[in-house]
Structures are given as structure tokens and as C-alpha cells.
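The exercises below are meant to be worked with the sequence and the three-dimensional view side by side. Try each task before reading the solution that follows.

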Amino acid sequence: MTMYHLLLRLLFTPSKYLTTLFVGVFFLQSTHAQGFIRFYPESTEAIQLREIPGGYNLVNREAPGMFWTYFETDIDGRQNAPPQQFPTNSGDFYLHPLQNGDFLATDYQYDDTVVVVRRQDPSGSLLWEYHFSLGESNEAVVDAVGGVQVRESNNGDLYLKGHFEDEFDLTIDAFVFKLNAEGQFIWSDTINSPEFFPQYAPYIDVNPLEDNGVLILYVAYNNTSTQLDDYNTITRKDAFGQDLAEFEVPFFYYSYGRTYTGALPDGRIFQFIADPFPNGPYTNIRLRTYDNNGAVLTEANITNLFQSALDDDPALSVSYPLLTQDGHFVLPLSTQQTAPKNIIAKITPEGQVLWQQELLPLSNKSTLFQQGKEFSDGTIGFIGLWSPITEPANRLMFVKLGPDGNIFPYNLTGIAARDENENCFVDTLEPGLPGWILEINAEQETWFTTTDPNGEYNLQADTGVYNLHLTAPGYLWEVCDNPQTVEILFNPDITDYVRNFSVEALADCPFMQVDIASPYLLAGTDNTYFVQFCNLGTSAATDVVVSIEPNPVLEFVSASIPHSISNGLLEFHVGEVAAGDCGHFSILFSAADDPDLYGQSVCVTAHIRPDSICLPGFGGWSGAILEARGICDGDSIRFELRNIGHGISTPSLEYIIADDHVIMYQGQLPAIQPNDVLTFSAAATGASRRFSAEQEPHVPASVMPSIQVEGCPTEGAENSKGVAIQTPNQTGSPFSDTECLILFNGGQAPTLSADPVGVTSQHLIEVATEIEYLIQFQVENPVHQVVVVDTVPAYLDLSTFAAGPSSHPYTWNIGSDGALYFYLQDAENGLQEGFVQFAIKPKSATPEGTVITNQAALYFDQLEPELTNTVFHTIGTDTVSATLSPVIHPIETLRIWPNPASEYTLVTLPFVPKAGSVLLLRNALGQLLRETPVSTTVVRIFRGNLPAGLYWLECREKGKLVGTGKVVWK
């Protein structure tokens, strides 16, 4: 069977945003025998990796229990069956998996004076049992890593080690004994604790050698100092336990119950060491080789070798160095910085780097390698634990590399270039197109990459069939021969597979877009809004102007670039913007400090010129563009719908006007001439009013006009507040953007916010709704780097990701695990407060009722991550933008008395109800509380146990809204 998988650079995604991009290389899990990175179920410890015919066997300990489990994979690391639990008939025995599939069960018995060892097959059947006496006056001491520890040699011999308390002199000593695979005793040894150390168990480790001998590393602690190097020795024994050499060594390098010492094929003894406390232990890591007398032969500084590759992070860690058959070492290396990095490198014992490979899908996560293996075909495997930032559980991880360090043997490469001579072929010297998204599909899986600053892409891939689709960032481009298919067959003589994309410009004109954002809006102080603008067109835009329509609640203070005022609008003349370029500036507004306004939604709209679409008949588009505007005009609310295009709009497009969450009017629009305006007026009742309409079909980069007017006061009425942020706010013009924020008067603003918030307590949104997430940070003391990590929920579509404005320049990338990484740096002044924003849509096939929960993590320099608050949305249709009726019907006002009411009220209908009519009672959030059949013109509505407050009444005839009213229970 042909398999696949590839290495990806995951970067920019097509959107209204363009930013400076971080270019990185990312691995995805691979198949086939060359290599892969795979993740499996939750685990607390990766115990063993072994090669079996046709695949591999992995043993681990699953959380939350303490039982060992195992499962098999095929040669590509694909799990063949669910994990199986080792037999549970071992009682309190501690289990140790063996290379042939059996396991040892070890425990202390008989008042902890005897070590009991049982060998069982995978079914739990006892093969043999052995008892090793510690002496009548001695009592076992259970290690922190779990009782008696076992090391298995390549020929099946078993070394068991542990500790016991000598009751005669009250010291804690160590023991080692050796059995063969059949359970026959070979030799034992006791290592006495030095006189200065009577209190704690010394550290001991055994390392089997190829000559059937063993190296024993013994480390004793000195209670009188912080040093650990007062009594550290290496002893070399032959196959029968006779001492061949013994010498003192420096502090050992330790990781997860193992020290790293052994013998090279040429007989030299090696040891990984590190500086002792208080300077370490995980600093200045070195690899030494010794002769049998303990003389140092060579020394290589691992820290110095790899600091440049690991961003000079002092917290360098080496996990499970693997000695390969050729006498070299394969080292998993990692850092613990704010954005951790992981590489695997191969070095000689003298410190020459043979190759190194960064494992980017493991970076920015908690990663721990626990065992490595060299397989019969020369490939290399490591198992360990990997944990996403926002998930508490570790996942079992299996990484496999080829002998040369590569995970994938082939390259998918090419260029996306502008087709200047319009021959649909990439010719020499045609300019590349940077930041274009390439979508790769293979066997029902999808990944994304982007072209680099030269327009090129390069993916490492395995055998398989790949479909490549290039996405343009705007409507003015057309990609020739798109998509393209490439089949990679096993052929060591062909490593590069080239697929170029020729891109034609449909017209030479700019296409401008703008975005405005602010992290929060605080009353009585200055608030900064950040504006980003980009040219997604094919030619430069001249005389670019960004206009800002402020809210009456806000007063302009200053801006980072010059401005002018025209017709009440702030205008910023930003000059020329080249195709593909972006710019930004900031504006300072002072927010009113009026308690009556606390909690109100405050909206600000940005618009950019030039604002024309230069392909009149693009995609069947009529040329019309509908743009909505809402105005608070005294005692009424006025909505204006203007055709800002050059063609007549399509008749019978639908619209609604909603009062808070209740649809009050709905109908169909007439055909609207260019520059003509339709006006809709409604009385200002204190409620928030929304106007929404269908957009003209096929408008490039179009959005539905949907505008909310909130805070239009009426004397004696209570104003609705905070309603506008629950649904999208957009004029409908592809050249505008609206930012709505709640005015608050203090307290801690959320670190993660979403726009729109969603309707009702369920935060309902429709599946096509774009969500803008804003992640802000604030620290007491300035930091040099902030890394924002958002592990995107599975129901969000990464292909719709759009990088948005921010408080500081940043770079970003998409990890192979689907997480978004944003990097903000300021080495000179430091970072103390700021934000990043991005937009993304739910997947179109997301079922109704699905809850989408999101949370991000913030890293500040070398500090531990801080998690943001959690936000959520529910996919649904019970919002103000629900299905519209094509018929305009009059909506009557229901007469309600008494109002306010205590126990009941009478509802009088100004019409005779038809059969099937019902009265619906909703709370202020729009949630349906009660449904009452209506057959007469007067209906009694009882309060029941409803709390005091404002409630809505709707009268509907077969679903059609025919009457509305409000009741206040006091």
C-alpha cells in the first residue's frame, strides 16, 4: 500500500490581512519506513520501544492508573489495535517489560528482607520465580522511581538494582544482582554508603555492555554541602561480576531515572556530565571519554555545540543519548525557553556534528524523550511524552528518523510566479509571489503551507499522491493549472518533484482592505485603537485615505500619523501602498466617564479609499454593493441602505429589523439604483435595533450588511446595553471594518475575547460567522519577548485563518498540530502591555449545537505559561439572522395590563387570532420560557416563579410574527 506524509511550513493564510511572516519548517507525522512523528493516547510514562516483525511494539503507563499497557503498530507507526493492559494478577509487583514481550514483576517481601522476581509471559503465565535475600538484619528502601529497577542486556541477562537499610550501622546501601534469562543467579554486589552519608539513598545505575559486562555508576550525596560530586564512581565488571576498573568521576547527567554512561565499541568508557549544583545540573553539558584507569581521553561541550541552534537558551537538556552501532551518539536536545525548541542530532564521541534535525511539531510544547532504539534497517526511533500547552494530559509520542536524520526522503518544491507574458508558464525572471497559500490534500487529510519571500515553497514528503491547490489573496488573480497533482513513487534516484504555479493578473488595479481593533474600552481614560491596511491588488494604490467614523461616546485625542477632519470623519492620508504591502497606525480616543453608559456597546468604523472594484462583471456580479449605516436621530433610529456600486441591485433580496433579539420587521428589498439610498425608521424605545440584509450576490470579498444601533435613549425607558457585540457588525462594504467594544469602568479585562460574543447564554452564532479572537497581555515588568499560543479548536477551519492587527509588530506561524503561534519582541524597550488579533471561521460541516471552546497560553521570556480565560460559541440558527420570510407583514403592538405586573397580566390582541396562534414569552436574552396557545383576543399570562425583570411577548401565526409587546414583572 502506498502511504504518505510530509514536512510543511505553515504560515500565512489568505485573508484581508497581510503581515510580516515568520518562515519556519514543520514536520507532520509521516508514514512508510523512512520516518514519521506520531502521537497516541494519554500516558504518564513511555517504558519501552522494540522492533517486531512488520512493525513496532510500544509499552507505556496510561493515566490515571498505574497499570502498564502495550500495543503494536505497523512499519509506519500506525496503531493496529487499542492498547492492552498487562495482566493484573501480579498483585503489588512492579512490572518491567522485556524485549521479547515477557515482563518481570518485582517486589520486596518477607518484611522487606527479600527481593522477589517473577518472569511472566504476556498472558500472565508464570515462567519462573527467584528470591534474593538482602540479609536478616537489612530492610529494603523503596526508590522514588519504583522499587527494584531492572536493566536488560542485549543477550537477555537481567540486572536488578535497589537499596536497603543496614540495621547494623543504620546506613542506606545499594545492591546489584544479575540473573540470566532463565532466572539463574550469576553474581551480586553490595555498595556501602560512605560514612558522611547515612541518611538518604545514594544513586546507582547499571549499564549493560556488549561484552556481557556492566558499568555501575554510583553517586553519594554529601549532607554538608550542595555538591553532588563528593563520592561518584564508575565500576566496570566483566560478565561474572569481577572488577575490571574503578575510578572517580564528576557529577553525572541525569534524566528520568537514567544516567548516561557506557562503553564505546573501541573500549573507551563514556559519560555525559554537567556542572554540579548550584550552577546546574542542566548547564554546561559535556561528553567525556575515559580509559579503564579513569584518565580523560576526550571532552566535547554539548552546550556549546548546539546553543546557536537552540537560540542560546541556557536551559539546554539532553534526553536519552542513543549509542548507535557505528559508535556515534544520537541526542534528543531541547530548551525550556518561552517557545521551546527540540532537535535531534548525531555526533561523534569527539564532538563532531554529523547531522541535526529540528522537530518543529514538538516545539512550543512540553516534550520528554524516554527511550531510543536503533532498528535493523538503520533507522532510529525515540518514544516519550508530549503535551499540548492547554491540555494537562501527556500523549505518548513516537519519532522515527532515517539514518541521515531525515524523516522524509523526497522534496515537493516549486514557485508561484506572476505570469507577465500570459502564457500560463513560469518563465525565467518572472517575479515570485510571496505569502500565497498552498493547500495540500492526500488521502482525506489536508495541510497548508505558504510561499516564501521569493515565491517558492519546499516540502519534504514521502511516497503518495498529492493534490496541490494555490489560493490567491484577492479576486484580481487567476491561477493557471490549479489544482495540480503529483505522485511520488519509491525511487532513490529521484528526490525532487517540481510543481510551479503561473498566476495571471486579471486587471492592473489595487484592492484595499482595512481593519481596526482595540483590546478594551475603559471609561474616563484614553484608549488606543490600532488600524491596519493592506493592498491585496495587482498594482500600487495611490492617494490612499483611511477615514474613521468615531462614536459620540469617544473624543479624539491624538494619532501616530497626521490627520485631517472632513464631514465629521477623521481622515488619514497614507499615500501610496504597493501591491502586497501593508501599513498601520494608532489613534487615541478618550472615553466618556458617564455611569449611564457603563456596559454599553461602542462602535467605531474604518473605511479605506480607493474603494472601487475594477472588474465590472466578475463572477456574474451585477456591479451593485449594498452598504448599511445606522443613525440615532432624536427619538427615532434611522437605517440607511445605500448602493455604493455601479450596477442596479438584484430585487427581492431579504432584510430584517430586529428589536434586541426579536425580529420586528422583515421583507424584500426593491432594486436599488447606484448611489440611491433606502431609509428605514423606527421609534427609539431604548431597545437595541439591528438592520440586516442580504448582500448583492458575487460581490468580491463581500459580507452581509448588519448594523446595530445601541444607546439611542428615550426618556423614561431603560436602554438595552451590550447587545451589539453579540452579533457581527459590518457595513457590507469590502472596504470597511467596524469594531464594537463594551464600555467598562474598571476591573480586569479578559485576556481572551471574541467578536461576536454570540446570542443568549449559549453564545449562538451561525456556522458561516467569522470569529475575531483578541488575545491581550499585561505584565508588571517589561519583558523582551511574548509568545502567544492558541491551540485552535478542531471545529475551526484553519484555511480561513486571517492574521489581524496588533499592538506591536509580530511574526506568526501555524504548527503542524494546528496551534497558532504569535511572536512579539522588543529587545530595546521591552513589552509590558499589548494584544494580537486574528479571525477564523467554523468548518462549514460543523453540526448545529456544537460548542466551540477556545483558550490561549501566554509566554513571557523564560517564565512559565499563563493561560487566558476561556470563551465559547454554540453553532445554531436561533439568532436575529435566522431564516427570513419573503413576505412583509404588519406587526401589531400587543396591549398588556397591568404592566408592571406582580402575579399575572392580561394580553389583548388587536386582531382575531387564527387557528394555531401562540403567545411566546422570552427573557431579556431572547430565550424561550413559555408557549401559550391563543384562541381569543384576551389571554391571561401568569408569572409563575419567574424573577423580576423585563420580558418579551410575541404572537405568532403558524410561525409568522404578527404582534409584539413587553411586560415587566415587579
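**Exercise 1. A sheet of four strands**

Task: In this predicted model, establish in which order the four strands of the open sheet that contains E61 follow one another, and which of them are edge strands.

Solution. Step one is to read the order across the sheet, which is E61-E63-E68-E65, with antiparallel pairing. Step two is to look for strands that pair on one side only, and these are strand E61 (752–755) and strand E65 (796–806). Step three concerns the geometry: leaving direction aside, neighbouring strands of this sheet are turned against each other by 25 degrees on average. Step four turns to one pair within the sheet, where strand E63 (residues 771–783) and strand E68 (residues 831–842) run antiparallel and are joined by nine bridges. To find the register in the view, start from Ile-775, which stands opposite Val-836 in E68.

**Exercise 2. A sheet of three strands**

Task: Work out why one side of strand E74 and one side of strand E78 are left without a neighbour in their sheet.

Solution. Begin with the strand order, which is E74-E75-E78 in an open, antiparallel sheet. Strand E74 (895–897) and strand E78 (938–942) stand at the edges and have a single partner strand each, so each of them keeps one side without a neighbour in the sheet. From one strand to the next, the twist averages 25 degrees. Next, follow the pairing of strand E75 (residues 904–908) with E78, which is antiparallel and extends over five bridges. A residue pair to locate here is Leu-906 with its bridge partner in E78, Arg-940.

**Exercise 3. Salt bridges and their surroundings**

Task: For the salt bridge between Arg-151 and Asp-205, determine what parts of the chain the pair ties together, and then decide whether Arg-151 is buried or exposed.

Solution. The search of the whole structure finds 19 salt bridges. In the one considered here, the side chains of Arg-151 and Asp-205 meet with an N to O distance of 3.0 Å. Arg-151 belongs to strand E13 (residues 149–152) and Asp-205 to strand E17 (residues 203–208), so this pair ties together parts that lie 54 residues apart in sequence. For the second half of the task, the cut-off needed is that buried means under 20% relative accessible area. Arg-151, at 9% relative accessibility, therefore counts as buried, and Asp-205 is buried as well, with a relative accessible area of 0%.

Apply this reasoning to Lys-237 and Asp-243, whose side chains meet in a salt bridge at 2.5 Å, N to O. Lys-237 counts as buried at 4% relative accessibility, whereas Asp-243, at 49%, counts as partly exposed. Another salt bridge links Asp-266 and Arg-268, with the closest N and O atoms 2.9 Å apart, and Arg-268 is buried, its relative accessible area being 16%. Finally, Glu-549, Arg-629, Arg-638 and Glu-640 are joined into one network by salt bridges that share partners.

**Exercise 4. The chain as a whole**

Task: State how many helices and strands the protein chain has, and what percentage of its residues count as buried.

Solution. Counting the elements gives one helix and 80 strands. Of the 970 residues, 57% count as buried. The chain exposes about 39500 Å², of which carbon and sulfur atoms supply 50%. As a last step, consider the contacts with a separation of 6 or more: residues 24 or more positions apart account for 62% of them.

Terms used: Residues numbered from 1 in each chain as written. Predicted model: local features only at pLDDT ≥ 70, side-chain atom pairs only at ≥ 80, totals over all residues. Heavy atoms only, no water. Pairing = 2+ DSSP bridges. Helix = DSSP H or I, 4+ residues; strand = E, 2+ residues; numbered from the N terminus. Axes fitted to C-alpha atoms, helices over the stretch in contact; angles between N-to-C directions. Buried < 20%, exposed > 50% of the residue type's maximum accessible area, 1.4 Å probe, protein only. Contact = heavy atoms within 4.5 Å. Areas by Shrake-Rupley, 256 points an atom, 1.4 Å probe, with all protein chains shown as cover. Salt bridge = Lys/Arg side-chain N within 4 Å of Asp/Glu carboxyl O.
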